[in-house]
Each structure stands twice: as structure tokens, then as C-alpha cells.
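Visitor: I'd like to learn how to read a structure feature by feature. Could you walk me through one?

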Amino acid sequence: AAPAGAPAPPPEWAEGKLAQRATLSLRESLPWLHRARMTGVRQFIATYRALSDAQADELFWGDEIEYALVKFDTERKAVRISLRADELLSQLVEKESNYGRRDGYGEGAAWHPEYGAWMIEGTPRLPYGGFTAD
């Protein structure tokens, strides 16, 4: 159930889509924070359980793996985003160029910027040529 005074949830057809193109202010979002966190945790656990035993699944053209860049502070028991996407992208592209396969089998990754400066995306360099274990 929605917290008292919270805006109505989006219609069922809009769930999971950016259909409304409207964001809440911080104050408007506060009543929804617990629900958003719990939904995210449940989705993570469901995805983890479904895929935790997957090994060497073949990546197909259009598949992508998104990486969130974080830094662990074990002393404070905190995790913070790391704004190093540009730096890491340069390093990854250079390593693919220096160490990637050149024999026509197409294995390897193409690296792209993702959302903000704290995410990068890896995709198969060529269609039908990579595995998640690579």
C-alpha cells in the first residue's frame, strides 16, 4: 500500500518503463524510498538465484553486461560509487587492442560508456563470439 500522502503509483502498463517522463522531488520521493529499496533487493535476489550457477553462457549480438564502478571502504563499512569510467574505458580499450584476439574468431569485448561516470558497458566485439566467463 502507498504511504499516506504519497502520489498514486503509475498505471500497471507503465511499470518498469519511462512512460511518464516525470520525476519526483526529493521530498515527494521520501515516502517511496523503503518500497524502492525493498523492490530492488527482491529483484537482485531473484536475479542472483536464477543466474548464480550460470557459467560460460554465450553472449549474442546485442547482449550487454553493465558494470557499476564502486569503491569499498571496509573501515567504514561503506560502498561509494567511483567516478572513473573515462579512465577505465581508456585502459580497457587499450588492453583489448593489445591482448585481444586477431585471428578472425571475434572473441573479445567492446567497451562503452554507460550511465554517468560510474558505469561502463561491455558487449561482444563481434556477433556470436564471446562467453560470460571470458
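Guide: We'll go from the overall layout to a hairpin, then to charges and rings. Keep in mind that this is a predicted model.

Visitor: Okay, which helices and strands does the protein chain have, and in what order do they run?

Guide: There are three helices and seven strands in the protein chain. Reading from the N terminus, the order is α-α-β-β-β-β-α-β-β-β.

Visitor: How much of the protein chain is buried?

Guide: Of its 134 residues, 18% are buried. The accessible surface is about 11,100 Å², and carbon and sulfur atoms account for 55% of that. As for contacts between residues at least 6 apart in sequence, 56% of them link residues at least 24 apart.

Visitor: Let's zoom in. How do strand 3 and strand 4 run relative to each other, parallel or antiparallel?

Guide: Antiparallel, with four bridges joining strand 3 to strand 4. Within that pairing, Val-70 sits opposite Ile-81 of strand 4. The two strands make a hairpin, and four residues lie between them.

Visitor: What should I look at in the loop between strand 3 and strand 4?

Guide: Check the backbone of Lys-77, which is placed in that loop. Its phi is near 55°, a positive value in a residue that isn't glycine. Lys-77 counts as exposed because its relative accessible area is 78%, and the cut-off is over 50%.

Visitor: Which residues make the nonpolar surface patch?

Guide: Val-70, Phe-72, Val-79, Ile-81 and Leu-83, together covering about 510 Å². The hairpin comes back here: strand 3 (70–73) and strand 4 (78–81) are the elements that give two or more residues to the patch. Take Phe-72 from strand 3 as one example. Phe-72 has 59% relative accessibility, so Phe-72 counts as exposed.

Visitor: Now the charges. How many salt bridges does a search of the whole structure find?

Guide: First the idea: side chains of opposite charge can pair when their charged atoms come close. In this case the search finds two salt bridges. One joins Arg-76 to Asp-73, with the closest N and O atoms 4.0 Å apart. The other joins Glu-87 to Arg-84, where the closest N and O atoms are 2.9 Å apart.

Visitor: Are Arg-76 and Asp-73 buried, exposed or partly exposed?

Guide: Arg-76 is exposed at 64% relative accessible area, while Asp-73 is partly exposed at 27%. In the other bridge, Glu-87 is partly exposed at 40%, and Arg-84 is partly exposed at 36%.

Visitor: Last topic: how many aromatic pairs does the structure hold?

Guide: A pair of aromatic rings is described by the distance of the centres and the angle of the planes. This structure holds two such pairs. Phe-44 and Tyr-48 are stacked, at 6.3 Å centre to centre with 20° between the planes. They're four residues apart in helix 2 (residues 33–51), so about one helical turn separates them. Both Phe-44 and Tyr-48 are exposed.

Visitor: And what about Tyr-67 and Trp-111?

Guide: That pair is tilted, at 5.7 Å centre to centre and 45° between the planes. Tyr-67 belongs to strand 2 (residues 65–68) and Trp-111 to strand 5 (residues 109–113), so the pair ties together parts that are 44 residues apart in sequence. Tyr-67 is partly exposed at 34% relative accessible area, whereas Trp-111, at 18%, counts as buried.

Conventions. Residues numbered from 1 in each chain as written. Predicted model: local features only at pLDDT ≥ 70, side-chain atom pairs only at ≥ 80, totals over all residues. Heavy atoms only, no water. Patch = residues over 30% accessible without salt bridge, like charges linked within 9 Å, V, L, I, M, F, W, Y side chains within 5 Å. Areas by Shrake-Rupley, 256 points an atom, 1.4 Å probe, with all protein chains shown as cover. Salt bridge = Lys/Arg side-chain N within 4 Å of Asp/Glu carboxyl O. Buried < 20%, exposed > 50% of the residue type's maximum accessible area, 1.4 Å probe, protein only. Phe/Tyr/Trp six-rings, centres within 6.5 Å; stacked < 30°, edge-to-face > 60°. Contact = heavy atoms within 4.5 Å. Pairing = 2+ DSSP bridges.
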